[in-house]
Structure formats: structure tokens, C-alpha cells
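Reader: Could you take me through one part of this model up close, and keep it chatty? I'd like to hear how the helices there sit against their surroundings.

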Amino acid sequence: MADTKFKLNTGADIPALGLGTWQSAPGEVKDSVLYALKVGYRHIDAAYVYGNEDEVGAGLKEAFDTGVCKREDVFVTTKLWCTYHNRAELGLEKSLQRLGLDYVDLFLVHWPVPMNPNGNHDTIPKHPDGTRDILPSSEWTHIDTWKAMEKLVPSGKTKAIGVANYSLKYLPELLAAATIVPAANQIEQHPSLPQQEIVDFCKEKGIHITAYSPLGSTGSPMLTSAPVVEVAKKRNVTPASVLLSYHIARGSSVLAKSVTPARIKANMDLIRLDESDMKILNDYSDDLKKNGKLHRYVYPAFGVDLGFPDRS
Ligand SMILES: NC(=O)C1=CN([C@@H]2O[C@H](COP(=O)(O)OP(=O)(O)OC[C@H]3O[C@@H](n4cnc5c(N)ncnc54)[C@H](OP(=O)(O)O)[C@@H]3O)[C@@H](O)[C@H]2O)C=CC1
Ligand SMILES: O=C[C@H](O)[C@@H](O)[C@@H](O)[C@H](O)C(=O)O
């Protein structure tokens, strides 16, 4: 199951399981990338704002140099950070340089929020009152960003372009102006936040969903969720296996972050969840939705309406 792949609207394959690298500390992330590639991962998720693309790149390089795998066998994603929205070409160049790669397989707009490129910080510029320094829409919008992303494709420096954290507030307006339909939308997904309306919309438009924070992000709180534990017992697997396999059953790829070798390996134990397993998880999601108790773990303080019904 760990070698399952999905097709993007570009015709390229995206491996169903990817290694996440957000909050993977310097000194740990190179080894985690190398180890993941050694045990069979072929999908690595990075981002400029994670501040560790150089180490991710070092892990990739060592894997290529020592014959673990070839560049063309690995699907590498990175993301355009908010302060680079009106400098997309530079954003991609900087990421490629840090990663030590000639191209990435997927370049995503990290959030639909352009931030001031001339502010007081490279990645999180703030106003004196501590709020994030967002560009006014009179200056730049996420639609302008998408147009700039489209211009990157002919260079071959990214094989595909896509978005992350796009809700139904932002996706339709992007599509109305787009020449290239995003290949993917990377969003938070787990049984406490199924975001089925986004999944359905993206499916209809040919946009692949990649799930992030499948374990509930830092500290993996979703591992103790009662319905997840119930399905794990029923199928005699770990809760992590249930949480990751859930996305494969939904037709989505999934990113699991770990810097712990045993966990990196264990996270490859994916199973085919059947209808009765999915019913337990879906009933739980439905209950949370009905009672207004959906839970989003990643919601940075941009101070703008991101259009997610659970947070507006
Ligand atoms: N586009 C976006 O805005 C976002 C993208 N992402 C991407 O998705 C990836 C995954 O999401 P992330 O938020 O990191 O969180 P995850 O849901 O992947 O959870 C990571 C946490 O779970 C722990 N863990 C991993 N595997 C296991 C296991 N088998 N058993 C017990 N604990 C485990 C990790 O610990 P340890 O490392 O110590 O082993 C870490 O504390 C990110 O790393 C990033 O690449 C994430 C958030 C936002
Ligand atoms: O990809 C992970 C997340 O999106 C992360 O990049 C953001 O939450 C960022 O730390 C922020 O504060 O805006």
C-alpha cells in the first residue's frame, strides 16, 4: 500500500505517502529525509518558510550520491512563502538553491495571503502592534500570485504548480482567472477536520488533495481519538496506520512528519480501510460537524478571513 500513487492533472504520478519536514529541527531533518528514502519513501514535502530546505537538500543529495534513489524517482514539493507572492520567480529560485535541485515536482502557493516583501522580516513581517504585515489587495492579490506561478511552468523549474490552504472562498475566484488549473491543494485533513466540501470541489475540478497534519500536527493528538483507536483495534494496526490510511481511502495523498526512524518506517504501514472502518470515522466527523466541534490544529495568525467554515 505504501507504494500507492495518484495521478495529477498534469499526467504525473504523486506518491500517496510523503515525508513532512515542518518543524523538523536542524541536525535532524537531513537524517530523516535520507532514512525515509532508504526505507522507500519517494515523496518529500518542503517549504521555504520551514527554514530547513538546505538540510532537506543535503538528505536528497546523499541519497542520490549513494545510489539510494535517483532524482527522477523522488517527488519533491516546495512552497512559495507569503512574502514572495509578488516575487514568485525569486521564491522558486531560492528554494531550488537551498534544496540543491534543478527543479521541483510541485510548487505550491503556501497560503492565499500576500505579505509585505519589504517589511521588517523575510518571512513573518509584522506591524509595530504585532499583527502580520499583509499587502493590501489594491497592491497584490492571490490571483496576481497565481498568474505569476503560471509563468514559472515553461522554465521547467517546477513540473507542476498548485496551492495550499485554499478554501471555497479562494478556489473559485482563482479558477475563474486561471489558465492552468492547480495540480493540487494541500490542506489540513483528519477525521476531526475532513473538509469534505473542499475535497468534493477539488475532485470535480481535477485538483488533487494532499492531506497535511494527518496525526494532528505537533504531539500527534489525533492518535488517541476514540474512533481512530476503535478502528485500529478492529483492524489490529496502530492508530497512526489508521490516520494515514484514511486519506488513501479518500483518494488523497498524505504527508506525515517524523524525525524518529522507527516512526518514519512505521508510517509506511498503510492498509486498505473498508467501508465499515470508514463509516466509524465518517460518523465521528459528521457528529463533530453537527455539534460545531471540528478541530483545526494549524491556523496561523494572518488576521484575514481564510474562508474555512470552522474558523470564520
Ligand atoms: N501547507 C501547509 O500549510 C502545511 C503543510 N504541512 C506539511 O505536512 C506535514 C505533516 O504535518 P505536521 O503538521 O508536521 O504533523 P503530523 O500530523 O505529521 O504530526 C507530526 C507529529 O507526529 C509525531 N509522529 C509522527 N509519526 C508518529 C507515529 N507513528 N507515532 C507517534 N507519533 C508520531 C511527530 O513526532 P517526531 O517527529 O518527534 O517523531 C510529530 O510530533 C508537515 O511536516 C509539512 O510538511 C503541515 C502543516 C501545514
Ligand atoms: O506549513 C506549515 C504551516 O503552514 C506554517 O508554515 C505556518 O503555520 C507558519 O508557521 C506561519 O506561522 O504562518
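Author: Here's a walk through a few helices and then a ligand site.

Keep in mind that this is a predicted model. Let's start with helix α1, residues 29-39. Its buried residues are Val29, Lys30, Ser32, Val33, Tyr35, Ala36 and Leu37, so there's a lysine on that list along with the likes of Val33 and Leu37. What covers them? The cover includes two strands, β3 (17-20) and β4 (43-45), plus the helices α2 and α9 (261-266). Just after α1 comes Gly40, and its phi is positive, near 120°.

Now follow α2, one of those covering elements, over to another partner. Helix α2 spans residues 53-65 and helix α3 spans residues 88-99; their axes come within 7 Å and cross at roughly 50°. That crossing angle is why α2 counts as oblique to α3. On the α2 side, the contact is made by Glu53, Asp54, Val56, Gly57 and Leu60, while α3 brings Ser95, Arg98 and Leu99. Sort those by class and you get three nonpolar, two polar and three charged residues, so charged side chains sit in this contact along with nonpolar ones.

For the wider setting, an unreviewed UniProt entry places the feature "domain: NADP-dependent oxidoreductase" at residues 17-283. Over that stretch the chain is 37% helix and 13% strand, and the end C-alpha atoms are 25 Å apart.

One last stop is ligand 2. Around it are Trp22, Ala47, Val49, Val298 and Pro300. That shell divides into five nonpolar residues, with no polar and no charged ones.

Technical notes
Residues numbered from 1 in each chain as written. Chains lettered and ligands numbered in written order. Predicted model: local features only at pLDDT ≥ 70, side-chain atom pairs only at ≥ 80, totals over all residues. Axes fitted to C-alpha atoms, helices over the stretch in contact; angles between N-to-C directions. Helix = DSSP H or I, 4+ residues; strand = E, 2+ residues; numbered from the N terminus. Parallel < 35°, antiparallel > 145°, perpendicular 65-115°, else oblique. Contact = placed C-beta atoms within 7 Å. Near = placed C-beta within 6 Å. UniProt positions renumbered as here; feature names shortened; annotations may be inferred. Buried ≥ 20, exposed ≤ 12 C-beta atoms within 10 Å, placed from the backbone.
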